[in-house]
Every structure is written in C-alpha cells, then in structure tokens.
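The following exercises concern the contact between two parts of one protein chain. Please read each task, attempt it, and then follow the solution.

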Amino acid sequence: MGFDEMDVDTIWMDGEFVDWEDAQVHVLSHALHYGTGVFEGVRCYATEDGPAIFRWDEHLERLYDSGKPYDIEIPYEPAELTEATTELIRRQDLESCYIRPIAFYGYDMLGLDPGECPVSVAVAVWPWGAYLGEEAIEEGVDVAVSSWRKYASSQIPTNAKTTGTYVNSVLASLEAKGNGYLEAILLNKEGYVAEGPGENLFLVRDGEVYTPGLSQSNLDGITRRSVIEIARDLGYTVYDQAQLSRGELYTADELFFSGTAAEVTPIRSVDDNEIGSGSRGPVTEEIQSTFFDVVEGRVDGYEEWFTYV
Ligand code: PPE
C-alpha cells in the first residue's frame, strides 16, 4: 500500500507543519547525491491511556548521535522534535503509527564536503502494519544468508543510522526476494552473523538466548535492547555479546528478528534449512507475546519506555 492510499496529510518539516505533497526537497540536495542523512524508525502504539511512543527518548538520542560522524547538527532541541511529533500524531488522529524522523544536508552546493549546506529536519508519521506481513508474526519467515556482507565499522560507523548506508540493506533485500525468500541475514566482514537488512537477530539454544554483540557490525537496535531486558525479566539467560557463525544458525532451536518495523518476527528457515520444528518456537512465542503486551502498555514496570501523545 502506497502513501497515497493512507489517511495522512501533514508532515513536519523545518519547523512547520506542511501539506503532505508540499514536503519537497531540491534535486541537488546533498543527501540525495551522497546519502548524507540520518534517520530513525519509531513506533507509536495504541495503549489504554491513548497513543504512546515506544522509547522515544532513546530513538532521539540515537538520531542526534548518528549525525555526529557527519557533522550533521540538528538545529532543534529534542523537546521541539517531541512536540512536533506528538502534535503530528494528534492532528491526524492516529491511534498507532510508525514515525520517521530524518535530518539531512540540503541544498547549497554539491561536492563531498557539505560546506554551507543547511541541515533539514522532517518528521512524518503513517500507519504501518506488520513489516514482514501479518502471517510472519505467527508463522515465521524464510530467510537466506546474503552474499553481500554487512559493511564493517572500520569503513562506516555501524552505530549510526545513516541514509546512504542503507544501499547495503537494499542489496541484501533485493537478492533475498529475487531468490524467493522473505528476508536476508547479513554476515559481517569476518564472516560472523551481523543482522538482517533492517533487523537485529536473536538465537535460542538449550533454552538460552544469544544475540550478536555490538562489535559484530550490527546496529545497536532499540528493540534489541528491549528484547534483552524483557527476556531477562522473564528469567532467560541472555548472551548479548555473542559471536555466531553461519552454521550455528542452521542448528539453532529457534531464531527471530527484532526491530521497530519488524517488532519480533520468528524465522522458520535459513537457506532452506528448517529451524527447530519449522515454526515459531516456544521461547520466541513467550518473548514475542510479552513484547506485544509491553509495547501496548499491558505490563507494569516499563512505564519509563513511553512518551504519551
Ligand atoms: N538493524 C538495522 C540495519 C536496522 O535498520 C534496524 C531498524 C534494526 C537493526 C533494528 O533497530 P531498532 O529499530 O532500533 O530496534 N530498521 C528500521 C528501518 C526499517 C525500514 O525498512 O525502513 C526500523 O525498523 O524502523
């Protein structure tokens, strides 16, 4: 479903609320040519107390941090972006939505040095259902290890969410879909498991939970952090500095993806090897259902994770 079929009409851009079709940039914008933008993906969930943004402060912090290597200084205070975003959700009467803040070098002059290019900032929100399909949440997805490797942190910062670097994810995603799989898994330059094109990865073995450490060239996912905490609260041992080989994926009892868009999505096969029983496993199911209970505000003890609209 495209944006035009969605019931959204306003975008916040450079300090103003503008009509959806007026949120335009110049074709000679620096970020279009060199990928010099940073962005976030955040979800706002419907809770009993109204729409609530999940871990907004952490996403904002990562947005500002992502800009640092590129000297992208966001010319707004976090509180201004919070007000803009909550107002955007209120104005469009959304119960739940996906939130896409972006900051990028705009129009002045081309050439790699952004020079005097202004930093533009926008926030858009829209309804976004299950990233890999409703069915995937229960049934799990069939994935393939990509022939494309995740770029190394010595090449491009892997803890920054930079627009340009997503060509790496697009390549992996196109390859997987072209070969009939729903999603990819990228290995890092050393050949260990990094993550999905837009998701972190978790492995379950003998009732214990593993996820690649942040030194494996993966993004420091905020859903990853949440899943680690939720799993520990459920009593699981979680190894969050794991180094996982490709072969360990095939012999895992369970595998699942985590991400803002993907939420918690089981993986039922890797390279045509069935994982466990070939469907969502019990540990994944428990963590996933608790995750949904948490984000929809049905579990006490996680109040500090919400920003109410
Ligand atoms: N790794 C990558 C490469 C990634 O893009 C994401 C989020 C994650 C891990 C999970 O991070 P977090 O959302 O903080 O738990 N991917 C975003 C963009 C997806 C898209 O297709 O666009 C997202 O999930 O919003």
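**Exercise 1.** Which residue forms a salt bridge with Arg43, and how many Å apart are the closest N and O atoms?

*Solution.* The model is predicted, so local features need pLDDT of at least 70 and side-chain atom pairs count only at pLDDT 80 or more, while totals for chains, interfaces and linings use all residues. Residues are numbered from 1 along each chain as its sequence is written, and side-chain values use heavy atoms, with hydrogens and water left out. A salt bridge requires a side-chain nitrogen of Lys or Arg within 4 Å of a carboxyl oxygen of Asp or Glu. The partner of Arg43 is Glu263, with the closest N and O atoms 3.7 Å apart.

**Exercise 2.** State where the two domains lie in the chain and how many residues each brings to the contact.

*Solution.* First, the assignment (automatic or from a database) gives domain 1 as 7-126 and domain 2 as 134-295. Next, the centres of the two domains, taken over C-alpha atoms, are separated by 26 Å. Finally, with contact meaning heavy atoms within 4.5 Å, domain 1 contributes 21 residues and domain 2 contributes 21 residues.

**Exercise 3.** Determine the area buried between the domains and name the three residues that supply most on the side of domain 1.

*Solution.* Buried area is the accessible area (1.4 Å probe) that two parts lose on being put together, summed over both. Domain 1 and domain 2 bury about 1,800 Å² between them, and 61% of it is on carbon and sulfur atoms. Of the area that domain 1 buries against domain 2, Phe39, Tyr45 and Arg62 supply 33%, more than any other three residues.
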